[in-house]
Amino acid sequence: MVGSDGLNVSPSPSQQMEKQLPNQWGVTKPLSRAGPLELDIQRSKELEKFLVDAGLYESAEEAAKREEVLCRLKQIVKDWVKELTRVRGYTDQMVEDANAVIFTFGSYRLGVHGPGADIDTLCVGPSYVNREEDFFYVLHNILAEMEEVTELQPVPDAHVPVMKFKFDGISIDLLYASISLLVVPDDLDISNMSVLHEIDEPTVRSLNGCRVADQILKLVPNIEHFCTTLRCLKFWAKRRGVYSNVTGFLGGVNWALLVARVCQFYPNANPSMLVSRFFRVYTLWRWPNPVMLCEIEDDELGFSVWDPRKNPWDRSHQMPIITPAYPCMNSSYNVSTSTLRVMMEQFQFGNKICEDIELNKAEWKALFEPYLFFESYKNYLQVDIIAADSDDLRAWKGWVESRLRQLTLMIERDTYGKLQCHPYPHDYVDHSKQCAHCAFFMGLQRKQGEVIQEGQQFDIRQTVDEFRHQINMYMYWKPGMEIYVSHVRRKQIPAYVFPEGYKRCRHPRPMSQQQLDKASSEDGEACRTGSAERRLKRKKELEEMEMKRESLEKRQSISPQMRDSASPDLLCLRSANALKGYSLIESETIKEGPESCQPIGGISPQVIPCSGSSGGKMQHHEQDAEVNTNITISNEGMQNAETFDAGCLPNVNNGGNPEINDQGFLQGDIREAKSKLLLDGGRENVAGVFEDGLREELEVLDLSCLCPLPSLFIHHFKYPLFNSLQYLG
């Protein structure tokens with residue numbers, strides 16, 4: 001592996017054996033110094049075997065191929081810099097000394113990458129080789145002419161400018177940093193503060209990945225245990241749908257920092273103990289208190305560091321996870337109120353499974369059960385993306401993915417946090433269609449515990465129009481690049497988003513034992529009976545639900561408070577043009593033709609009253625958590641559907657179902673006063689995650705113990721970090 005010292009050295013597990021364990025790791029003393037028992041050792045062996053069987057480790061052949069690709073890339077950038085030096089008229093000696101160095105960071109540098117994973121790389125060049133022209137134009141053209149290079153995609157306007165491509169089948173993310181040296185030495189120490197002199201903010205962000213990876217490896221007590229635990233939790237996060245920085249969840253560096261902090265809390269724990277304590281710690285963590293591996297240092301270089309006392313924008317961050325290298329930044333600024341809620345639910349799920357494993361009631365495979373996203377909500381937003389060909393789709397999709405998180409934030413803003421969104425970090429393609437397209441999905445539900453008045457509406461049509469307007473400002477837009485946002489109910493989710501093209505029987509949410517027995521019986525019956533029997537069953541269910549509804553209405557007429565708590569929701573989309581030019585169409589009536597897709601651009605999705613159940617079929621226990629979403633979308637600013645081949649446009653019901661990524665998000669994009677008010681207010685909802693009786697049982701841990709920061713800094717946060725030192729130990 002090419003480390004940040006420029007040498008082909010992998011982080012050796014033996015390095016940690018040479019360390020003398022200090023009295024304290026990070027900013028606090030350990031929560032426990034206990035080592036593993038025999039049962040813990042056995043569980044760790046079982047966990048490692050599970051990870052191997054799951055195919056998370058690459059073969060020796062693939063590892064050798066990665067090394068070869070990195071060597072080739074290193075030679076390419078050296079030749080590139082030498083040629084630029086010669087063309088610009090420098091002396092022969094300068095041309096001979098001209099150099100560029102390749103560093104790695106991310107999962108590859110940390111030693112937790114798996115088969116097929118990309119390699120995060122950084123090219124460091126001299127001061128006279130710039131990013132805008134030399135890197136994104138000259139080097140781009142050199143790579144484009146090479147047979148080994150495919151899927152070349154420059155992203156110059158990203159938050160961290162990057163060039164993505166595959167080299168001999170290996171995915172590469174290549175960054176560039178021009179430092180204030182005329183000659184870059186092969187043994188450049190990128191951790192040295194001197195590399196930050198006289199460089200701009202994008203260059204600092206580009207260098208930060210390598211500097212952070214090196215610091216993480218220095219700040220954990222046991223590198224081998226850290227790597228195993230991180231590999232496990234990254235796999236878990238992907239299975240549970242919470243691994244995606246661009247979608248508003250957490251990416252690789254975020255998970256690495258969270259795991260590293262737990263390793264500091266429990267310096268002698270083995271991987272099985274660390275996994276269990278990871279979920280225990282972060283289930284109880286009081287966000288927005290920051291996770292830090294070391295103290296935040298300031299320097300006379302003048303770069304901005306994360307500090308909510310000085311920077312108003314930092315106060316709106318929901319889940320601060322601070323990088324350990326100067327300038328210290330919040331690596332998880334993409335997290336929103338909605339995505340934090342989803343992650344907290346998943347932490348609670350992981351904690352419960354780990355408790356069962358420790359009691360020998362479950363095995364490790366239970367922890368990695370995939371999250372059934374399309375069985376978790378009744379309403380979804382479907383975002384279809386199409387382009388003229390696969391190359392255009394790659395660029396268009398990258399732009400849309402980098403902005404989709406904004407749709408979540410805007411919906412939170414315009415509904416004052418009452419409508420919660422769950423963007424799913426995966427994209428879907430209907431391979432039966434011949435056009436270049438993909439689709440993303442976002443689950444919708446109203447905020448749990450929110451009292452909704454009778455007939456209240458969530459009107460987000462104008463929100464979607466605003467989002468589409470932002471998307472259509474893409475500076476590299478080409479004819480054929482289109483985006484369509486529509487509402488689909490759970491029963492309308494196309495079959496191709498499910499494994500092997502079929503829909504699994506939906507598992508009901510937690511309910512009473514009587515309801516659970518009934519639902520289990522009904523689900524089993526639904527899987528065994530034919531369509532005629534299902535229709536009879538549905539009819540019977542509708543009759544039962546109608547009786548329940550009438551009974552509920554009678555109770556509501558007696559108790560106004562009950563009427564408010566059980567009142568249904570109404571969700572529609574607001575048009576900036578007061579419904580001018582819209583047609584109201586029931587989504588159930590939209591059919592796909594036998595030969596081609598129904599053009600979404602020619603359809604205005606429906607405005608339908610939401611009654612808290614879809615056609616009366618929602619189970620009673622779902623009413624408090626779900627809403628029926630009704631969306632009307634303007635076609636303004638879009639090209640007419642007639643200008644495209646109808647066969648290349650996804651159908652409202654059966655269109656592709658991709659996911660959402662957002663690289664290139666700039667913090668200034670949502671600095672409007674409304675957004676600030678929402679995000680600041682949204683923090684009150686975060687506290688509700690922890691109101692589960694733990695305060696009554698557990699001793700409150702003083703924040704100053706775990707975050708030795710100035711008192712003004714501590715005063716900014718409302719909640720202690722977590723509830724009990726004894727419990728966490």
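Q: What makes a residue count as buried in this predicted model, and what share of the protein chain do buried residues make up?
A: A residue counts as buried when its relative accessible area is under 20%, and by that criterion buried residues make up 54% of the 729 residues in the protein chain. The protein chain nevertheless exposes about 31,600 Å², of which carbon and sulfur atoms supply 51%.

Q: What share of the contacts with a separation of 6 or more is accounted for by residues 24 or more positions apart?
A: With contact taken as heavy atoms within 4.5 Å, residues 24 or more positions apart account for 77% of the contacts in the protein chain that have a separation of 6 or more. The secondary structure of the protein chain comprises 22 helices and 11 strands.

Q: Why are α2 and α10 called roughly perpendicular to each other?
A: The axes of helix α2 (residues 38-53) and helix α10 (residues 271-284) come within 7 Å and cross at roughly 85 degrees. Angles of 65 to 115 degrees count as roughly perpendicular, and the two helices are therefore described in that way.

Q: Which residues make the contact between α2 and α10, and how do they divide by character?
A: From α2 come Asp40, Arg43, Ser44, Leu47 and Glu48, and from α10 come Pro271, Ser272, Met273 and Val275. These residues divide into four nonpolar, two polar and three charged.

Q: What makes β1 and β3 the edge strands of the five-stranded sheet?
A: This open sheet has the order β1-β2-β5-β4-β3, with mixed pairing, and β1 (101-105) and β3 (149-155) are its edge strands, since each pairs on one side only. Neighbouring strands of the sheet are turned by 25 degrees against each other on average, direction ignored.

Q: How do you know that β1 and β2 are paired?
A: Pairing requires at least two bridges between the strands, and five bridges join β1 to β2 (residues 119-125), the two running antiparallel. One of the partnerships places isoleucine 102 opposite cysteine 123 of β2.

Q: Which strands are the edges of the four-stranded sheet?
A: The order of this open sheet is β7-β8-β6-β10, with antiparallel pairing, and its edge strands are β7 (419-423) and β10 (482-489), each of which pairs on one side only. On average, and with direction ignored, neighbouring strands here are turned by 25 degrees against each other.

Q: How do you know that β6 and β8 are paired?
A: Set against the requirement of at least two bridges, nine bridges join β6 (residues 379-387) to β8 (residues 436-446), and these strands run antiparallel. Within this pairing, tyrosine 380 has glycine 443 of β8 as its bridge partner.

Key
Residues numbered from 1 in each chain as written. Predicted model: local features only at pLDDT ≥ 70, side-chain atom pairs only at ≥ 80, totals over all residues. Heavy atoms only, no water. Buried < 20%, exposed > 50% of the residue type's maximum accessible area, 1.4 Å probe, protein only. Areas by Shrake-Rupley, 256 points an atom, 1.4 Å probe, with all protein chains shown as cover. Axes fitted to C-alpha atoms, helices over the stretch in contact; angles between N-to-C directions. Parallel < 35°, antiparallel > 145°, perpendicular 65-115°, else oblique. Nonpolar A, V, L, I, M, F, W, Y, C, P; charged D, E, K, R; others polar.
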